Amino acid sequence: MADESAASHVTPPPKARTDLITAAVLFAFAAAAFAGAWAMPTFTDRGGDPFTAPGIVPGFHAVIIGVLSLVLGVRAVLRGALRADGGPPPEWRRVEGASNLRLALAAALGVGLVFGLIGRVPFWIAAAVFVASFTILFEWPITPRERRLRRIAEGIALGLVTGVVVTLVFERLFLVRLP
């Protein structure tokens with residue numbers, strides 16, 4: 001009996017059609033990222049080494065994401081993504097613990113960081129605000145009421161430490177000037 005109830009709570013893997021849609025979105029992202037990397041200056045006209053061009057790493061990542069999205073797409077097609085029944089059954093549509101609101105909140109925090117903070121405040125402050133906000137907002141619902149003030153303090157401390165450490169690592173170790 002215990003094995004049956006435990007087995008019924010296991011989330012099945014996504015259906016092939018979901019994998020195919022994910023592969024298409026990732027491939028489009030990879031293509032856009034590669035186009036952006038390709039458009040970056042190479043500084044060869046100023047005597048710079050072409051292997052130090054700023055677009056090499058993002059271009060490499062874009063190629064890897066593109067190749068892996070193609071692998072995912074081929075696997076999805078082989079698993080029947082193009083058949084009429086390739087969509088998820090109704091009982092799979094709502095995964096326990098998943099939330100569109102949480103996804104939207106995470107996306108809003110990321111957009112707020114990129115368009116609202118970076119370039120307007122020092123990077124360490126932007127990183128600290130982002131990490132603290134993310135930590136506090138996503139810990140709030142699962143924290144008991146009597147511990148919420150402590151969680152807020154921990155989130156702020158984590159944000160400050162992260163902001164300072166990330167800035168120091170990039171500026172001192174990688175010699176990258178941050179905005």
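1. Surface. The accessible surface of this protein comes to about 13,100 Å², and 71% of that area belongs to carbon and sulfur atoms. Please keep in mind as you read on that this is a predicted model. Buried residues account for 18% of the 179 residues.

2. Overall make-up. The protein has 6 helices and 0 strands, so a reading along the sequence gives α-α-α-α-α-α. Among contacts between residues at least 6 apart in sequence, 69% join residues at least 24 apart.

3. Helix 3 as a whole. Helix 3 covers residues 56–78, which makes 23 residues. From its first C-alpha to its last it reaches 33 Å, close to the 33 Å expected at 1.5 Å a residue. Just after the helix, Gly80 takes a positive phi of about 100 degrees, a spot you may like to look at in the backbone.

4. The buried residues of helix 3. Which residues of helix 3 are buried? They are Gly59, Ala62, Gly66, Ser69, Leu72, Gly73 and Ala76. An α-helix has 3.6 residues a turn, so residues three or four places apart point the same way. Helix 2 (16–39) is included in what covers the buried residues of helix 3.

5. Ser69, a closer look. Ser69 lies in helix 3 and has a relative accessible area of 2%, so it counts as buried. What does the side chain of Ser69 have beside a polar atom, 2.7 Å away? The backbone oxygen of Gly66 lies at that distance. Leaving aside neighbours within four places in sequence, Ser69 is in contact with Ala23, Leu26 and Phe27.

6. Arg79 and Asp19. The count of salt bridges comes to 5. One of them joins the side chains of Arg79 and Asp19, at 2.9 Å from N to O. This pair links distant parts of the chain, 60 residues apart: Arg79 sits in the loop between helix 3 and helix 4 (100–117), and Asp19 sits in helix 2. Are the two partners buried or partly exposed? Arg79 is partly exposed, with a relative accessible area of 38%, whereas Asp19 is buried at 8%. Side chains of opposite charge can pair when their charged atoms come close.

7. Glu139 and Arg151. Here the closest N and O atoms of the salt bridge are 3.9 Å apart. The cut-off is 4 Å, so the pair is counted as a salt bridge. Glu139 lies in helix 5 (residues 123–139) and Arg151 in helix 6, so the pair ties together parts that are 12 residues apart in sequence. Glu139 is partly exposed, with a relative accessible area of 26%. Arg151 is also partly exposed, at 35% relative accessibility.

8. Glu154 and the network. Arg151 forms a salt bridge with Glu154 as well, the closest N and O atoms being 3.2 Å apart. Both Glu154 and Arg151 lie in helix 6, and their separation of 3 residues is about one turn of the helix. Glu154 has 33% relative accessibility and counts as partly exposed. How many residues does the network of salt bridges hold, and which are they? Glu139, Arg150, Arg151 and Glu154 are linked in it.

9. Gly155. Right beside Glu154 in the numbering comes Gly155, which lies in helix 6 (residues 148–173). Gly155 is at 0% relative accessibility and therefore counts as buried. Not counting residues up to four places away in sequence, Gly155 touches Ala132, Thr135 and Ile136. The C-alpha atoms of Gly155 and Ala128 are separated by 9.3 Å, with their positions 27 residues apart along the chain.

10. The nonpolar patch. A nonpolar patch on the surface is formed by Val161, Val165, Val169, Phe170, Leu173, Phe174 and Val176. Together these residues have about 600 Å² of accessible area. Phe174 lies in the segment after helix 6. At 48% relative accessibility it counts as partly exposed, because exposed would need over 50%.

Technical notes:
Residues are numbered from 1 along each chain as its sequence is written. This is a predicted model: local features need pLDDT of at least 70, side-chain atom pairs count only at pLDDT 80 or more; totals for chains, interfaces and linings use all residues. Side-chain values use heavy atoms; hydrogens and water are left out. Helices (H or I, at least four residues) and strands (E, at least two) are DSSP runs, numbered from the N terminus. The expected span of a helix is 1.5 Å times one less than its number of residues. Buried means under 20% relative accessible area, exposed over 50%, partly exposed in between (1.4 Å probe, protein chains only). Contact means heavy atoms within 4.5 Å. A polar contact is a pair of N or O atoms within 3.5 Å; within protein, one must be able to donate a hydrogen and the other to accept it, and residues adjacent in sequence count only if both atoms are side-chain atoms. Accessible areas come from the Shrake-Rupley method with a 1.4 Å probe; for residues, only the protein chains shown count as cover. Patches are made of residues with over 30% relative accessible area and no salt bridge: like charges are joined within 9 Å, nonpolar side chains (Val, Leu, Ile, Met, Phe, Trp, Tyr) within 5 Å.
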